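User: Please take a close look at a single part of this model and describe it together with its surroundings. A connected account would suit me better than a list.

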There are 6 protein chains.
Amino acid sequence: MTAAQASISRFPVPELKNLPEDLRARILAVQEKSGFVPNVFLALAHRPDEFRAFFAYHDALMEKEGGLTKAEREMIVVATSGANECQYCVVAHGAILRIRAKNPYVADQVAVNYRKAEITPRQKAMLDFALKVALSAQTIGESDYAALRGHGFSDEDAWDIGAIAAFFALSNRLANMASMRPNDEFYLMGRVPKSG
Amino acid sequence: MTAAQASISRFPVPELKNLPEDLRARILAVQEKSGFVPNVFLALAHRPDEFRAFFAYHDALMEKEGGLTKAEREMIVVATSGANECQYCVVAHGAILRIRAKNPYVADQVAVNYRKAEITPRQKAMLDFALKVALSAQTIGESDYAALRGHGFSDEDAWDIGAIAAFFALSNRLANMASMRPNDEFYLMGRVPKSG
Amino acid sequence: MTAAQASISRFPVPELKNLPEDLRARILAVQEKSGFVPNVFLALAHRPDEFRAFFAYHDALMEKEGGLTKAEREMIVVATSGANECQYCVVAHGAILRIRAKNPYVADQVAVNYRKAEITPRQKAMLDFALKVALSAQTIGESDYAALRGHGFSDEDAWDIGAIAAFFALSNRLANMASMRPNDEFYLMGRVPKSG
Amino acid sequence: MTAAQASISRFPVPELKNLPEDLRARILAVQEKSGFVPNVFLALAHRPDEFRAFFAYHDALMEKEGGLTKAEREMIVVATSGANECQYCVVAHGAILRIRAKNPYVADQVAVNYRKAEITPRQKAMLDFALKVALSAQTIGESDYAALRGHGFSDEDAWDIGAIAAFFALSNRLANMASMRPNDEFYLMGRVPKSG
Amino acid sequence: MTAAQASISRFPVPELKNLPEDLRARILAVQEKSGFVPNVFLALAHRPDEFRAFFAYHDALMEKEGGLTKAEREMIVVATSGANECQYCVVAHGAILRIRAKNPYVADQVAVNYRKAEITPRQKAMLDFALKVALSAQTIGESDYAALRGHGFSDEDAWDIGAIAAFFALSNRLANMASMRPNDEFYLMGRVPKSG
Amino acid sequence: MTAAQASISRFPVPELKNLPEDLRARILAVQEKSGFVPNVFLALAHRPDEFRAFFAYHDALMEKEGGLTKAEREMIVVATSGANECQYCVVAHGAILRIRAKNPYVADQVAVNYRKAEITPRQKAMLDFALKVALSAQTIGESDYAALRGHGFSDEDAWDIGAIAAFFALSNRLANMASMRPNDEFYLMGRVPKSG
């Protein structure tokens, strides 16, 4: 936690030692698991109550079982964050997507233009719905749900897809507003085989 | 909890008796206070974990003290929800705004076009920032923060304004995706003097 | 006619006694019927010839018989004025819509997002056409007329729908340009039963 | 009045002999003056009351004296009609603009991109305001009026500029909705010297 | 080559005598054929290498044989240049379109709103594809190619249509960036019969 | 040159041995230098004349000396290609940018949101201009050139910036229209130190 870290957000970034115990525990756990602390944890620690709600919401949507794989959930994040021009989310979740999909190409493809990505027609339908929630949720109607059902998605899957897009509508705006900086570690993650 | 309530969301609405205890307690408390249960509580109860995170986040932003009055926080909700064409949020938070501002006109004005609303220049600057976060957060820059400071807002106030706009970017998308229906009670709230 | 009335428009508002006789007669008649003078009459009286043409056009479209009910004509006004962010027209015609439809909810619903309003599929088709004329008339084609016919609208009805949307494209722009202020009376009209 | 004329509008076009006397007189007068009947007169004759109001409004704005020349008024029509992609209005009023400005180039320049047209800085400011009324009237504010004043326009001139843009917002939508066809005569008018 | 010619571009315009031999030859040839030098040749001569590549590309797309007539190729140029608000390209290629189509009306119709132009359904399908490449190429998909095939266009024709739209995406941007001025000669070309 | 290569474009991809000698030479040279053949060379070889003009234009803009470094030229390509959602150009030129800038992070930052990228204010001004040419060239005016001059750019630099943005307006549209696929090699290039 050095002075240089102030640049990860345009708002003050608290020192780890000054954080409430539950936040510090969560941050140490992710550091243990990932080898570094993703900057979003430090930037949001500026507001402990919002931090707790944010990550509770995140985990409820991203860590659960269901009709979508974890890679597909990340695909929704990367595609909608690309449309919202959120640098932090594209870079950080692009890394997670590469790892979860075990595919070094799909994140960049989906971030730039998911219509041209090498994904399945079912995944394209999933992203059509997610992008509509992200960009014009006021026009979502029954024909959009029917399109999902045509690809085997249940209504619960539809909620998941839409709710992830909606949650990252929040997340992308926070990151852009705070000029949150992605950690250098993310850029290379999942691009080379582990044995490389 | 009758069959008619199914129409408050296109997703299943659980019966109160089947909800986890903490959700039921929260819902009964709001019913006690307001005289009815706002539909968002019933619609989100479909997903208890998301319900908990949603209202924790909401309360962290809307119930706190700080440089913004509670009426101003609601003003941000109404203005950004109008821009996102979210019927539930405009109608429900319009009611709350009328009550908190003790003003029967301001909510409709702000929902349609805040630039023409009878609010202070400081409040217009607040809504300029909020709308920019809502609609093009990727372009937020230092000049936007400077404009807020010119009206006496601190950086902490700026976070509040932006975070409320960001949270309702999520909320508006959920409500539109689920076709959440505002309760009839909201439409008239705050429009007539209590003694009337 | 007091000094305070200057704030109903950013342009000069003439005194009633100085108006041409036909304008004064029209204004007194509306005051007799409504109990107050809607500000649009006073604001446009600034230009008597334009006043005459404006209300002649308005009456030709809004007061006639035909395939659309008067409530449906107001619905078109409220929906397109919402899309054009015209505070005066949403508030004033929202009141008229509530009264004509004998429904205290429909105006707010239609103003924010007609796709989620509790109206008939035929009325939604009517508003689809109206909104397309309001926002992208250059793309109107035979398929749009076919959609109307599929809901039982004649070509004369189509003209009515489109012409009302077109007339309020004018009206909304005048009101926004002049910062026309809705009368306080409109906000509560049609929200409570007459016997209330 | 031959069968071929039906194609000047997708709605029925009445025969001259069947029109109310005042409409017929107006049409014969314009034919006398111009040498042909502009199709807008025949297309709108489908609805006599709307015809009367339309041309009364048109004349009130376009034929009056004031701070704008008649050529400048037509310039506003051509620029906003270009932005609204209205073929009838660009072609017909382009002809009138060429004649009134005695300039065979200005109409095409203004219709495509007024920012690059060979007009005065004052005229560019006039068109900046007109285009803002045409495309985003909800954002018009005092700084827009100040910009006009900086070029010597009075508030009455500002009303004229905005009202013409607003009236053609109506006119453009009617013409696009009815697929109104410009007369062949307009294309060449004002392009060659009279003595040529 | 007089001083007045400097105004044909906001960048320096070289004198003919100072140009590389191949540029001068090309310019003299076009002058011989057209009777004047279209300003785009003089404006781009500022950069000889870019001039050579630009016209080589232009000729490869516009002068070849294939499923599209030369008039249809110009129709694509005029429609997409209208959408891009490029004055030079609309005026100059409008003239060429009038001549190649032997039709004094079609260029103005297509420039303002091709959907209302008096062209064939096949040509409208061609322009639908061209405009989609011009304005949202990222959304082009197999259904767009299928629509072209439904009107008898081959895949090679589709490439031609899209590549012309893409090339003028470049050309329109150069002309707007340099404020390139159309020659006076273009405005009247193709409007009157040769024998007139 | 195997069957699998057909998937690099939705149009036929010629075999190297069947290409005109100059195209084959160019392709072999790039293969020699890069270790693989970027797919754009194979996809455009479908049309030899367009291939020649395309790469001549590319080289005239990207390989020259001048006020912009080669890394800055690539920065313009990546930023505008991101805005145009062109997968091929973002991935391929992102690789070149990483190498030329000797910076493994800048390409992803610029592709998603250049306003938040770790580049100089001068480079941000360069990208402001480039993005305006890419997305709304019709509004470019003297104030945009003045902003560039304020950062030390000459008019010749301005042409370079705008012309690169304009050329990739073409390139992005071709790649999206043909669903051009980036080579796998690009994704990792420039991300790890050579000695790594």
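Analyst: **A salt bridge between chains E and F**

Arg10(F) and Asp155(E) form a salt bridge in which the closest N and O atoms are 3.3 Å apart; the term stands for a side-chain nitrogen of Lys or Arg within 4 Å of a carboxyl oxygen of Asp or Glu. The model is a predicted one, in which local features need pLDDT of at least 70 and side-chain atom pairs count only at pLDDT 80 or more, while totals for chains, interfaces and linings use all residues. Residues are numbered from 1 along each chain as its sequence is written, chains are lettered from A and ligands numbered from 1 in the order in which they are written, and side-chain values use heavy atoms, with hydrogens and water left out.

With the side chains of Asp155(E) and Arg10(F) meeting at 3.3 Å, N to O, the pair joins two chains, because Asp155(E) lies in helix α9 (residues 155-177) of chain E and Arg10(F) in the segment before α1 (21-34) of chain F. Helices here are DSSP runs (H or I, at least four residues), numbered from the N terminus. Asp155(E) has 27% relative accessibility and therefore counts as partly exposed, on a scale where buried means under 20% relative accessible area, exposed over 50%, and partly exposed in between (1.4 Å probe, protein chains only).

This pair belongs to an interface at which the rule finds 8 salt bridges between chain E and chain F. In that interface 42 residues of chain E are in contact with 42 residues of chain F, contact meaning heavy atoms within 4.5 Å. The two chains bury about 3,900 Å² between them, with 61% of it on carbon and sulfur atoms; buried area is the accessible area (1.4 Å probe) that two parts lose on being put together, summed over both. Tyr57(E), Trp159(E) and Arg173(E) supply 22% of the area that chain E buries against chain F, more than any other three residues.

Chain E can be laid on chain F by a turn of 180° and a shift of 0.0 Å along the axis, with an RMSD of 0.0 Å, and the two copies are thus related as by a two-fold rotation axis. The superposition is by least squares on the C-alpha atoms of residues with pLDDT of at least 70 in both. Since 100% of the interface residues of chain E are also interface residues in chain F, the copies meet through the same surface.

On the chain F side, two loop residues add to the picture. Arg181(F) sits in the loop between α9 (155-177) and α10 (185-188) of chain F and, at 19% relative accessibility, counts as buried. Leaving aside neighbours within four places in sequence, Arg181(F) is in contact with Glu118(A), Ser7(F), Ile8(F), Asn39(F) and Tyr88(F). Glu85(F), found in the loop between α4 (70-83) and α5 (87-101) of chain F, has a positive phi of about 55° although it is not a glycine, and it is partly exposed, with a relative accessible area of 25%.

Chain E is also linked to chain D, where the side chains of Glu85(D) and Arg115(E) meet in a salt bridge at 3.4 Å, N to O. Glu85(D) lies in the loop between α4 and α5 of chain D and Arg115(E) in the loop between α6 (106-113) and α7 (121-136) of chain E, so this pair, too, joins two chains. Both partners are partly exposed, Glu85(D) at 25% relative accessibility and Arg115(E) with a relative accessible area of 29%.

Not every pair of chains touches: chain C and chain F share no contact, their closest C-alpha atoms lying 19 Å apart, and chain A and chain D do not touch, their nearest C-alpha atoms being 19 Å apart.

For the wider setting, a search of the whole structure finds 120 salt bridges over all chains. One of these, within chain C, is formed by the side chains of Arg191(C) and Asp108(C) at 3.0 Å, N to O; Arg191(C) lies in the segment after α10 of chain C and Asp108(C) in helix α6 (residues 106-113) of chain C, so the pair ties together parts that are 83 residues apart in sequence. Arg191(C) is buried, with a relative accessible area of 7%, as is Asp108(C), with 14%.
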